[in-house]
Amino acid sequence: MKALGEYACHVVIIGVWAQSHLLTYFNGDLDGRVDDIHLKWEDDELRSVLKRGAVALHVELTEALIDAFVADSYGNVGLVHRLASNFLKLEGVDQLPDGTVIDVSEKLSEARIAVAEEMSGRFDTFASNFVGGMRRMPEGLVVYLHLLRAVTASDDESLVGQGIDSRQLLTNIDSEGIRLSDLTQALERIDRLQVKIDISPPVLTYHRAGKRVQLVDRSFLFYRKYGTQSWPWDEAEEIQNDLAAATPLDIFAA
């Protein structure tokens, strides 16, 4: 990228990382040559999306309904589309007369559950593989189970803000035998682990400079709120170290 920039050939990289200046953090030669452009949907922009969609459908959405969609989306425009689409289909929008005013109804709860159910495969698989996959590492650290459980139990504000500080996360885990060094080692590998277990886009990321765990996929918050979760730590089978596995998961392999 540095060489291309010297020839006035500009590179655009699209990623899902939550922190700024990530590329220059890993490669100091790019300092001063990279601009970060954050694509973030504000609530007013999400409301505009919904209102323009209503115009296209020749109906009107009440402010209460629009506010409910926006509050549930956590800034995710794709989630706004999915939730509104499910709700309007349940309301039979294609059969409504032009100009119909649509308000919050019991169909909203049905739409929320339906969208959460659509997400269940992704997030249940993520949780199961995140915890189970790390058992096959040579180290066999069970810290990943406690890590994910503590993150899942964190409040929305912590997850959508600056993230959770690693020391605070350790306090939340409150499990004997897990040291800060153990947790840090696990956190530094969660990005590579998600690649290895085919979680795309990633759900979590770790900002090494800030020592914080950040939520990348905000639809996780919606699923946690309205879905019927099946977390690994709620199952009867105990998750243990598996140091004798024949095929350990090598997250550093190509």
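**Backbone, salt bridges and strand pairing**

Tyrosine 74 has a relative accessibility of 14% and counts as buried (buried means under 20% relative accessible area, exposed over 50%, and partly exposed in between, with a 1.4 Å probe and protein chains only). The model is predicted, and local features are accepted at pLDDT of at least 70 and side-chain atom pairs at pLDDT 80 or more, while totals for chains, interfaces and linings use all residues. Residues are numbered from 1 along each chain as its sequence is written, and side-chain values rest on heavy atoms, without hydrogens or water.

Tyrosine 74 makes a good starting point for a tour of the backbone. This residue sits in the loop that joins H4 and H5 (helices are DSSP runs of H or I with at least four residues, strands are runs of E with at least two, and both are numbered from the N terminus). Although tyrosine 74 is not a glycine, its phi is positive, near 55°. Histidine 58, another residue other than glycine, also has a positive phi, of about 65°. Its place is the loop that runs from H3 to strand E1 (59-61). With a relative accessible area of 48%, histidine 58 is partly exposed. For context, most residues other than glycine have a negative phi, and most peptide bonds are trans. A cis peptide bond links serine 200 to proline 201, with omega near -5°. Proline 201 belongs to the loop between helix H11 (190-196) and E4.

Leucine 57, in helix H3, offers a view of how distant parts of the chain come together. The C-alpha atom of leucine 57 is separated by 8.1 Å from that of aspartate 98, which lies 41 residues away along the chain. Leucine 57 itself is partly exposed, as shown by its 37% relative accessibility. Isoleucine 13, for its part, is found in the loop between helix H1 (2-6) and helix H2 (22-26), and this residue counts as partly exposed at 42% relative accessibility.

Turning to charged contacts, the whole structure contains 10 salt bridges (a side-chain nitrogen of Lys or Arg within 4 Å of a carboxyl oxygen of Asp or Glu). One of them joins the side chains of aspartate 44 and arginine 47, with an N to O distance of 3.3 Å. Both partners belong to helix H3 (residues 43-57), and because they are 3 residues apart, about one helical turn separates them. Aspartate 44 is exposed, at 60% relative accessible area, whereas arginine 47 is partly exposed, at 22%. This pair is part of a wider arrangement, as Asp44, Arg47 and Asp67 are linked in a network of salt bridges.

Other salt bridges connect separate helices. In the one between arginine 112 and aspartate 72, the closest N and O atoms lie 2.7 Å apart. Arginine 112 is in helix H6 (residues 106-135) and aspartate 72 in helix H4 (residues 63-73), so this contact ties together parts of the chain that are 40 residues apart in sequence. Both arginine 112 and aspartate 72 are buried.

Helix H6 also takes part in a salt bridge between the side chains of arginine 82 and glutamate 118, which meet at 2.9 Å, N to O. Here arginine 82 comes from helix H5 (residues 77-90) and glutamate 118 from helix H6, so the parts tied together are 36 residues apart in sequence. Arginine 82 is partly exposed, with 32% relative accessibility. Glutamate 118 is also partly exposed, at 46%.

The strands complete the picture. An open sheet is built from 3 strands in the order E3-E5-E4, with antiparallel pairing (two strands pair if DSSP finds at least two bridges between them). The edges are occupied by strand E3 (164-165) and strand E4 (204-207); each has a single partner strand, so one side of each lacks a neighbour in the sheet. Strand E5 (residues 212-215) and E4 are joined over 4 bridges, in the antiparallel sense. Within the sheet, threonine 205 stands opposite glutamine 214, a residue of E5.
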